[in-house]
Every structure is written in C-alpha cells, then in structure tokens.
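Trainee: I would be grateful for a close look at a single part of this model, namely the charged side-chain contacts around one arginine. Please set out the partners and their surroundings in one connected account.

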Amino acid sequence: MEYAMSRHQLELFMRKAKGNTSMQRELDKCGENNSCVVSVARKHGHKFSPATLTRWQHDHSEEAPQAH
C-alpha cells in the first residue's frame with residue numbers, strides 16, 4: 001500500500017512538473033540524480049522515495065526526467 005501511495009505522489013508531481021518551467025529547470029539540474037529529484041518533489045509538497053522513482057522510470061522511460 002505504501003508503494004501505491006508513493007507512486008500516486010510521484011505521478012502527481014510529474015504532471016505538475018510538466019506544466020511548470022521553474023520546476024523543469026530544477027529537475028534539469030538534478031540530471032540522473034534521483035535523490036535530487038526527490039528533494040525537489042518534497043520542496044513542492046510531494047513525498048516518494050528514490051526507489052519509487054527508479055521503479056517509475058523503468059515503467060515510463062519516455063516520461064522520466066532526463067539528463068541534458
């Protein structure tokens with residue numbers, strides 16, 4: 001159940017980030033550092049773990065934050 005709740009938070013955060021250029025800039029600075037992405041998410045009120053993000057990236061590789 002905890003993973004489902006974390007995954008829901010992650011999906012909400014990703015939808016929010018897609019429409020927010022400021023958040024996108026923060027995520028771009030993270031590159032492939034999942035701990036950094038989690039920190040940005042927490043700053044914006046979303047809680048999930050780096051492990052949840054890794055699983056989500058595996059399932060949604062085309063939507064995951066990419067290093068530039």
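**The salt bridges of R7**

Mentor: In this predicted model, R7 forms a salt bridge with D59, and the closest N and O atoms of the two are 3.3 Å apart. R7 belongs to helix α1 and D59 to helix α4 (residues 50-59), so this pair ties together parts that lie 52 residues apart in sequence. The two ends of the contact can be set against the accessibility classes. R7 has a relative accessible area of 17% and is buried, because the buried class covers values under 20%. D59, at 46% relative accessibility, counts as partly exposed.

R7 has a further acidic partner, E11, and here too the side chains meet in a salt bridge, with an N to O distance of 3.3 Å. This contact lies within helix α1 (residues 2-18), where R7 and E11 are four residues apart and therefore separated by about one helical turn. E11 is partly exposed, its relative accessible area being 26%. Taken together, R7, E11 and D59 are linked in a network of salt bridges. Within that network, the R7 and E11 pair sits inside helix α1, while the R7 and D59 pair joins helix α1 to helix α4.

For context, the count of salt bridges in the model comes to three. Besides the two that involve R7, there is one between the side chains of K43 and E26, with N to O at 3.1 Å. This pair links distant parts of the chain, with K43 in helix α3 (residues 34-43) and E26 in helix α2 (residues 21-30), 17 residues apart. K43 is exposed, with a relative accessible area of 61%, whereas E26 counts as buried at 18% relative accessibility.

A covalent link completes the setting. The structure holds one disulfide, formed by C30 and C36, whose sulfur atoms are 2.1 Å apart. The torsion about the S-S bond of C30 and C36 is about -65°, so the disulfide is left-handed. C30 is buried, with a relative accessible area of 7%, and C36 is partly exposed, with a relative accessible area of 25%.

To return to the part requested, R7 is a buried residue that is linked with E11 and D59 in a network of salt bridges, and both of these partners are partly exposed.

How values were computed
Residues numbered from 1 in each chain as written. Predicted model: local features only at pLDDT ≥ 70, side-chain atom pairs only at ≥ 80, totals over all residues. Heavy atoms only, no water. Salt bridge = Lys/Arg side-chain N within 4 Å of Asp/Glu carboxyl O. Helix = DSSP H or I, 4+ residues; strand = E, 2+ residues; numbered from the N terminus. Buried < 20%, exposed > 50% of the residue type's maximum accessible area, 1.4 Å probe, protein only. Disulfide = S-S within 2.5 Å.
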